[in-house]
Each structure stands twice: as C-alpha cells, then as structure tokens.
Amino acid sequence: MRYISFYAAARNLILGCVFVLSACGRSDLGTAEKLDLESAPVQTVEKMFVVQSENGRLQMRMEADVMERYQNDSLSYELFPKGLAVYGYNEEGLLETEITADNGRHVKEEKNDREQWEAYGNVVVKNIINQEVMETDTLYWDRKNEKIYTDCYVKLYSPDGYMQGYGMESDQRARNSVILRPFDSYGVIVQDSTEVRIDSVNFIGPLIKK
C-alpha cells in the first residue's frame with residue numbers, strides 16, 4: 001500500500017509540473033510592449049515662463065501652458081501642444097512685438113548650430129508700436145539671422161490699409177513686414193494726418209500731482 005501511494009503521489013507531482021509548464025508557455029497571455037524612449041519626452045514643464053535680458057534690459061519673454069522636451073543623438077526640440085505667446089521689447093524697454101499661436105516647436109541641431117522656432121495654427125503677429133497686425137497659419141523665426149518669415153497665406157492690417165497675399169519676410173520685431181506675393185486688390189484707409197496715435201499698451205499717462 002505504501003508503494004502504491006508513493007507512486008500515485010509522484011505521478012500527480014509530474015502531472016502538476018507539466019500543467020504549470022504548459023500554462024507558462026501559452027501564447028495568448030500577451031507580452032509587454034517595448035517602450036520607445038525616443039517618442040517620450042525627457043522633460044515636461046507646465047505653466048512655462050521664460051525671460052531673456054541683456055545688460056539688465058528686458059529683451060523677450062515667453063509663456064506656454066505646457067512644454068515637452070525631446071532629445072536624440074543629433075537633435076533636440078521642444079513642443080508646445082497647448083500654444084505659446086512670445087513678447088519682444090525694443091531698445092527703450094517698451095513692449096513692441098507680440099506673437100501668439102495654437103502650437104509651437106523649437107528645434108536645435110547640435111552639428112550645424114542651427115536653431116529655429118516654428119508656430120502653427122491661428123498665428124497672430126502684432127507690432128504694437130506701429131499698430132500693425134499680421135495673421136497667418138505658419139510662421140518661422142530664424143533666431144540666428146533675426147528674421148521671421150512664412151510661405152503661407154498672410155493678412156496684414158495697419159493704420160494705412162489692408163493687404164493680403166502669400167509669403168512674408170520681416171525682421172524679428174515685425175518692424176518692416178513685406179508680403180512677397182501680394183494680391184492685386186488691397187484696401188487703403190484714408191486718415192487725418194494730424195491724428196495722434198497712442199500706444200495703449202505702453203502708455204502710462206500723466207503723473208498725478210500730490
């Protein structure tokens with residue numbers, strides 16, 4: 001009886017091991033997907049606020065709800081999936097340029113020291129001092145050469161009139177925006193030359209006597 005019981009126990013143990021090995025080898029349990037590190041941001045910043053100054057003078061500030069930074073061997077770039085706003089100041093410290101967009105990207109190539117900013121979706125460029133507004137869908141900022149440009153459809157509003165066309169180039173302050181391929185039709189606004197224009201953004205007003 002003891003021999004039979006020992007044999008039965010050994011048989012049950014072997015069958016149990018076979019069942020476990022069979023279960024572990026089943027293909028329908030699935031495997032974990034490989035993690036693609038290059039598609040994941042190496043850094044995420046919320047409520048981003050950046051200020052650039054030189055010799056104590058404010059030059060530029062940038063604001064964004066979300067910034068995602070990506071990195072590989074030769075290229076690093078930041079995405080701004082919830083939009084961004086860039087503000088540029090002139091030599092006197094006055095707010096001169098404002099650029100807003102629904103999406104943005106900042107690309108920097110290490111090999112050739114190339115750096116470029118790109119803005120997409122409802123891009124609005126304002127020169128507050130000149131009271132000019134430009135609207136387009138895509139805008140590029142070449143920081144090294146200090147210019148902004150686009151090949152897309154552009155609308156330009158100014159106190160002197162309205163123009164539209166394809167392609168635009170300007171310095172990075174949007175002081176001398178030029179539409180490269182304007183339409184034949186454009187509008188001109190007739191104004192009183194003696195009218196005084198006030199920069200409502202930078203205007204402080206008269207000091208109050210105490």
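## A walk through a strand-rich chain

The accessible surface of the chain comes to about 14,900 Å², and carbon and sulfur atoms account for 54% of that area. Keep in mind as you look around that this is a predicted model. Of the 210 residues in the chain, 30% are buried.

Let's begin with the overall layout. The chain has twelve strands and one helix. Following the sequence, you meet the helix and then the strands, in the pattern α-β-β-β-β-β-β-β-β-β-β-β-β. Take the contacts between residues at least 6 apart in sequence: 38% of them join residues at least 24 apart.

A good place to zoom in is the run from strand 7 to strand 9. Strand 7 (residues 114-127) pairs with strand 8 (residues 132-142) in the antiparallel sense, over ten bridges. One of the partnerships to look for is Asn127 with Glu132, the latter in strand 8. Four residues lie between these two strands in their hairpin, where Gln131 takes a positive phi near 55 degrees.

Carry on along the chain and you come to the next hairpin. Strand 8 and strand 9 run antiparallel and are joined by six bridges. Here Glu135 has Lys155, in strand 9, as its bridge partner. This hairpin also has four residues between its strands, and Glu146 takes a positive phi near 55 degrees.

Now turn to the nonpolar interior. The largest nonpolar core holds 23 residues, and the members touching the most others are Met62, Phe80, Leu84, Val125 and Leu139. At least two residues of this core come from each of strand 2 (57-71), strand 4 (84-89), strand 5 (95-101), strand 7, strand 8 and strand 9. Apart from this core lies another one, of five residues, including Ala85, Tyr87, Tyr89 and Leu95.

Phe80 is worth selecting in your viewer. Leaving aside residues up to four places away in sequence, Phe80 touches Met48, Met62, Ala64, Val66, Met67, Asp102, Asn103, Gly104, Arg105, His106 and Trp117. Met62, one of these contacts, is also among the core members that touch the most others.

Finally, come back out to the surface. Which residues make the nonpolar patch of about 260 Å²? They are Tyr153, Tyr166 and Phe183. Tyr153 brings us back to strand 9, which spans residues 147-158. Is Tyr153 buried or exposed? Tyr153 counts as partly exposed because its relative accessibility is 31%, and partly exposed covers the range between under 20% for buried and over 50% for exposed.

Note on methods:
Residues are numbered from 1 along each chain as its sequence is written. This is a predicted model: local features need pLDDT of at least 70, side-chain atom pairs count only at pLDDT 80 or more; totals for chains, interfaces and linings use all residues. Side-chain values use heavy atoms; hydrogens and water are left out. Patches are made of residues with over 30% relative accessible area and no salt bridge: like charges are joined within 9 Å, nonpolar side chains (Val, Leu, Ile, Met, Phe, Trp, Tyr) within 5 Å. Accessible areas come from the Shrake-Rupley method with a 1.4 Å probe; for residues, only the protein chains shown count as cover. A salt bridge is a side-chain nitrogen of Lys or Arg within 4 Å of a carboxyl oxygen of Asp or Glu. Buried means under 20% relative accessible area, exposed over 50%, partly exposed in between (1.4 Å probe, protein chains only). Two strands pair if DSSP finds at least two bridges between them. A nonpolar core is a set of buried Ala, Val, Leu, Ile, Met, Phe, Trp, Tyr and Cys residues joined through side-chain atoms within 4.5 Å. Contact means heavy atoms within 4.5 Å.
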